[in-house]
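Thanks, everyone; I would like to spend a few minutes on charged side-chain pairs, and then on one helix and its packing. Please have a look at the structure first.

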Amino acid sequence: MLNIAICDDELDAINKLDEILRGIAARQRIKIEIEGFTSGLSLLHHMESDKNLYDLIYLDIEMNQMDGLETAKKIRKMNERVYLIYVTGYDKYALRAYEVHPYNFIVKPVSEDSVEDSFLSVYERIQSDGLFFEYQYNKNYYKIPVIDILYFESDKRRIKIHLTNGKIQTYYNRLNLIEKELSDNNMGFWRIHQSFLINVRHIRHISFDYVELSDNACFKISKNRRKDINEQYLKMIERQFTK
């Protein structure tokens with residue numbers, strides 16, 4: 001079951017997106033529940049009782065009282081994992097909007113094709129969040145949900161796996177091998193430094209030379225990797241905005 005919220009100050013827009021999503025879900029045999037909100041304040045108030053209530057939230061950027069950008073910042077303080085998709089008629093918001101790391105953009109007026117492309121893409125990502133990273137240490141096997149990993153750190157021959165619950169698991173391996181394994185399986189990790197491999201799901205903010213994760217940890221992007229990381233990031237913005 002996928003729980004979805006649509007937040008837009010125009011009821012007709014909510015109803016149209018609701019209808020499109022239900023049609024897509026029916027064709028793809030995906031179970032969904034949808035709730036609509038005509039303001040960011042009403043959405044945030046509803047989430048106070050359960051911060052993990054929604055898997056996916058569609059946000060109109062231009063709304064009265066509290067716009068979508070401000071609403072998203074408050075949502076991110078409550079829930080770092082929920083997927084956000086902006087619905088907007090203006091590309092001028094793209095770079096500002098990425099401060100809260102949305103998954104995608106849909107340009108108004110929405111079309112069934114654009115909604116379906118982004119919805120199926122985020123659905124696949126949510127499904128992939130059920131992937132696991134497995135390793136062996138002292139003849140024991142360990143299995144960690146990929147979504148629970150913030151980053152890998154290399155300390156000589158030791159690998160430290162930093163988790164969202166604050167714990168650190170350690171074993172022996174090479175970061176180059178881990179990077180290849182994660183890349184081959186499209187698990188969404190970036191090598192920002194010789195010693196660090198970060199989970200892009202947990203990026204809170206990124207600039208030319210540093211990145212901040214959801215646990216407030218900040219890392220310098222090494223000089224020889226800055227160009228590549230920023231190109232990947234800009235391509236991600238362009239790809240997601242033009243879907």
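D209, in this predicted model, has a relative accessibility of 25% and therefore counts as partly exposed. The side chain of D209 meets that of K220 in a salt bridge, with 3.6 Å from N to O, and this pair links distant parts of the chain, since D209 sits in the loop between β13 and β14 while K220 belongs to strand β15, 11 residues away. K220 itself is exposed, at a relative accessible area of 55%.

A second pair is R191 with E179, where the closest N and O atoms are 2.7 Å apart; here strand β11, which holds R191, is linked to helix α6, which holds E179, across 12 residues. R191 counts as buried at 7% relative accessibility, whereas E179 is partly exposed at 27%.

The third pair is K108 with D60, at 3.3 Å between the closest N and O atoms. K108 lies in the loop between β5 and α5 and D60 in strand β3, so the salt bridge ties together parts that are 48 residues apart in sequence. D60 is buried, at 4%, K108 is partly exposed, at 28%, and both belong to a salt-bridge network that also includes D8.

Turning to the helix, which residues of α2 are buried? They are G40, L43, L44 and M47, and because they cover an arc of only 95 degrees around the axis, they fall on the same side of α2. What covers them includes the strands β1, β2 and β3 as well as helix α3.

How values were computed. Residues numbered from 1 in each chain as written. Predicted model: local features only at pLDDT ≥ 70, side-chain atom pairs only at ≥ 80, totals over all residues. Heavy atoms only, no water. Buried < 20%, exposed > 50% of the residue type's maximum accessible area, 1.4 Å probe, protein only. Helix = DSSP H or I, 4+ residues; strand = E, 2+ residues; numbered from the N terminus. Arc of directions from axis to C-beta. Contact = heavy atoms within 4.5 Å. Salt bridge = Lys/Arg side-chain N within 4 Å of Asp/Glu carboxyl O.
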